[in-house]
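Hello,

Here is the structure I said I would pass on. My notes on it follow below.

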Amino acid sequence: MRSVLERMARAGHPPMYTLGPAQAKAAYEAGAGVLEVPKAALARVEDFAIPSRDGTPLPARLYAPSQARLPVLLYFHGGGFTIGSIASHDILCRELSRLSGCAVVSLDYRLAPEHRFPIAVNDAWDAVQWLAGQGRDLGLDSSRLAVGGDSAGGTLAAVSAILARDAGLPLALQLLFYPGCAAYQDTPSHKSFAEGLALEAAHIDYFFGHYIDSQDRADWRFSPLNVPDAEGLAPAWFGLAECDPLVDEGLLYADTLRAAGVAVQLEIYRGVTHEFIKMGRAIPEARQAHGDAARALAEALHP
């Protein structure tokens, strides 16, 4: 991991938080696949669109390892609600589909600063409801449905699981790679890992400054730790990075779910940083996390 960080520093790219939002988006896309595992070939890779509540079509991509009617994971990419896309997380979604034997639908929810909170939450929840109701038209078994994501996408998955519980929509699993869960960045891990790693305090301030107003940060749709009641939520699998500003709030949210009687599996991958799951060519723990997450997904969706 240290070698990866040193190589990133030697590349000399300006820090993302010094760029404008459009430049930051382009820079992230350009580097997104550099350390990924090889792209898996799958039986189905299809682009389509999901309607949002205001009528805007949301791009989506379906991945499936066979033509069978498979259960499905709806995946939300990371990127601080400001960067990232279907393309930046294409290989990760392929791996989750290949290894689990399940279908994966990846969503391009709308990003800040053009679309501020709660637009991303609304897009994510609209996609959950649409997939639950219309997934059969895609040849999917959407009666067996999970949600998942990494970082900001993990936040959206956790929030979608709360909304699903409140709507009486059953989910088999919430699959959370290092999700953001807290209103403010004041845990010890935010202080310990504030500088020098893949995600710095300045990145977090940059992303959240584009995404949300300060008076909205206590809303549980941004900080799931503030949900009044976690009872009855879907089972959760957490994959956390040890050297990550977000690790403490992930642990706190896992504890919140456990205290409410929710089944929780949690793995902390040692010695790695935020974003490690997209570094499978260089970091063995990334490949291990892909396998662990896929196993949890298969067990939840193929009981």
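Notes on the fold

S151 is found in the loop between β5 and α5. This is a predicted model, and the notes should be read that way. Phi of S151 is near 60°, a positive value in a residue other than glycine. Most residues other than glycine have a negative phi.

The loop between β4 and α4 holds two entries for the list of backbone details. P113 lies in that loop, and the peptide bond joining A112 to P113 is cis, with omega about 0°. P118 also has its place in the loop between β4 and α4; the bond from F117 to P118 is cis, with omega near 5°. Most peptide bonds are trans.

Next, the sheet. It is open, has 8 strands with mixed pairing, and follows the order β1-β2-β4-β3-β5-β6-β7-β8. At the edges are β1 (44–51) and β8, each of which pairs on one side only. On average, and ignoring direction, neighbouring strands are turned by 20° against each other.

Two of the pairings in detail:

- β6 (residues 173–177) and β7 run parallel and are joined by 4 bridges. L176 stands opposite F238 in β7.
- β7 (residues 236–243) and β8 (residues 264–273) pair in the parallel sense over 7 bridges. W237 stands opposite Q265 in β8. Between these two strands the chain passes through helix α8 (residues 247–259), and this β-α-β crossover is right-handed.

Now the helices. Where does α5 pack? Helix α5 packs on the sheet, where it touches β3 (70–76), β5 (140–150) and β6. The direction of α5 makes about 135° with that of β5.

Helix α5 (residues 152–167) also meets helix α4 (residues 119–134): their axes come within 10 Å and cross at roughly 55°. That angle makes α4 oblique to α5. The crossing of the two is right-handed. By class, the contact of α4 with α5 has 10 nonpolar residues, 1 polar residue and no charged ones. On the α4 side the residues are A120, V121, A124, W125 and V128. They meet L156, V159, S160, L163, A164 and A167 in α5.

If you want to look at these places yourself, I would start with the cis bonds at P113 and P118, then go to S151 with its positive phi, and then to the contact between α4 and α5.

Regards

Definitions and conventions
Residues are numbered from 1 along each chain as its sequence is written. This is a predicted model: local features need pLDDT of at least 70, side-chain atom pairs count only at pLDDT 80 or more; totals for chains, interfaces and linings use all residues. Side-chain values use heavy atoms; hydrogens and water are left out. Axes are lines fitted to C-alpha atoms, for helices over the stretch in contact, and angles run from 0 to 180 degrees between N-to-C directions. Angles under 35 degrees count as roughly parallel, over 145 as roughly antiparallel, 65 to 115 as roughly perpendicular and the rest as oblique. A crossing is left-handed if the near helix is turned anticlockwise from the far one by less than a right angle, and right-handed if clockwise. Contact means heavy atoms within 4.5 Å. Ala, Val, Leu, Ile, Met, Phe, Trp, Tyr, Cys and Pro count as nonpolar, Asp, Glu, Lys and Arg as charged, and the others, Gly among them, as polar. Two strands pair if DSSP finds at least two bridges between them. A crossover is right-handed if, with the strands pointing away from the viewer, the path from the first strand over the helix to the second runs clockwise.
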